[in-house]
Amino acid sequence: MSTSAEAAAALEGARIARAHLADRTRCPPYMHAVFGLLLGGLVASEAASDRGTLVIEGMIMVLALTLFVWQRRRMGFFVNGYRRGRTRPVALSIVGVYLVLFSIAAYLKAAEGLHWPALVLGAVMAVLGTWGSAVWNARYVAEMTAPVEAA
């Protein structure tokens, strides 16, 4: 049977491990911008021809996959953006905003023949995606550095 001192030491060890993990998951500001630009690029791709849109979207997907592999090798792990906790609403909000802006750009292109709104909406998505990524990361780090509670 463990003593209260052993239990406290175990909790402290867990806190230290979580703090170390949180430090490793802090993204540099440029990575938030890259995330925002990827999402903004998907929205802005609607400014191109139909074939051009598909090519741009394909290139963005390859770039996103490359970044995923690079980050996983650099950190040794990958944190799922849709994980439970305080980060999930942020992730779902980013996806919701993306879907709305992309849908508006696609509609204006298909129904009205307007290509330029996709560029404006893509810029808006890039800013909101960058901000959302920073908020997501801050919430994740806050969760990881919060006190560990005894069971």
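This passage walks through the helices of the structure and how they pack together. The model is a predicted one. The protein has 5 helices and 0 strands, so reading along the sequence simply gives α-α-α-α-α. Of its 151 residues, 32% are buried. Looking at contacts with a separation of 6 or more, 80% of them link residues that sit 24 or more positions apart.

A good place to start is helix H2, which runs over residues 29–44. At 1.5 Å a residue, its 16 residues should span 22 Å, and the C-alpha atoms at its two ends are indeed 22 Å apart, so the expected and actual values agree. Quite a list of residues is buried here: Met31, His32, Gly36, Leu38, Leu39, Gly40, Gly41, Leu42, Val43 and Ala44. What do the buried residues of H2 pack against? The partners are H3, H4 and H5.

Next comes helix H3, covering residues 50–75. The same kind of check works for this helix: 26 residues at 1.5 Å each should span 38 Å, and the end C-alpha atoms are 37 Å apart, which agrees. The buried residues of H3 are Gly52, Thr53, Glu57, Ile60, Leu67, Gln71 and Met75. Right after H3 comes Gly76, with a positive phi near 90°.

How do H2 and H3 sit against each other? Two packed helices are described by the angle between their axes and the distance between the axes. For H2 and H3, the angle is about 155° and the axes are 9 Å apart. An angle over 145 degrees counts as roughly antiparallel, and H2 and H3 are therefore roughly antiparallel to each other. Their crossing is left-handed. On the H2 side, the contact is made by Tyr30, Met31, Val34, Leu38, Gly41 and Leu42, which meet Ile56, Glu57, Ile60, Met61, Leu63, Ala64, Leu67, Trp70 and Gln71 in H3. Sorted by class, that contact has 12 nonpolar, 2 polar and 1 charged residues.

Val34 gives a closer look at this pairing. This residue lies in H2 and is partly exposed, with a relative accessible area of 24%. Along the sequence, Val34 and Leu67 are 33 residues apart, yet their C-alpha atoms are 9.3 Å apart in space.

The other pair to look at is H4 (residues 88–112) and H5 (residues 116–145), whose axes come within 9 Å and cross at roughly 175°. H4 and H5 are therefore roughly antiparallel to each other. Val90, Ala91, Ile94, Val97, Tyr98, Leu101, Ile104, Ala105 and Leu108 are the H4 residues in this contact, and they meet Pro117, Ala118, Leu121, Val124, Met125, Leu128, Gly132, Ser133, Val135, Trp136 and Arg139 in H5. The residues of this contact split into 17 nonpolar, 2 polar and 1 charged.

Ser133, one of the H5 residues in that contact, deserves its own stop. Is Ser133 buried or exposed? Its relative accessible area is 13%, and under 20% counts as buried, so Ser133 is buried. Leaving aside residues up to four places away in sequence, Ser133 touches His32, Phe35 and Ile94. Of these, His32 is among the buried residues of H2, while Ile94 is one of the H4 residues that meet H5.

Methods:
Residues are numbered from 1 along each chain as its sequence is written. This is a predicted model: local features need pLDDT of at least 70, side-chain atom pairs count only at pLDDT 80 or more; totals for chains, interfaces and linings use all residues. Side-chain values use heavy atoms; hydrogens and water are left out. Axes are lines fitted to C-alpha atoms, for helices over the stretch in contact, and angles run from 0 to 180 degrees between N-to-C directions. Helices (H or I, at least four residues) and strands (E, at least two) are DSSP runs, numbered from the N terminus. Angles under 35 degrees count as roughly parallel, over 145 as roughly antiparallel, 65 to 115 as roughly perpendicular and the rest as oblique. Contact means heavy atoms within 4.5 Å. Ala, Val, Leu, Ile, Met, Phe, Trp, Tyr, Cys and Pro count as nonpolar, Asp, Glu, Lys and Arg as charged, and the others, Gly among them, as polar. A crossing is left-handed if the near helix is turned anticlockwise from the far one by less than a right angle, and right-handed if clockwise. Buried means under 20% relative accessible area, exposed over 50%, partly exposed in between (1.4 Å probe, protein chains only). The expected span of a helix is 1.5 Å times one less than its number of residues.
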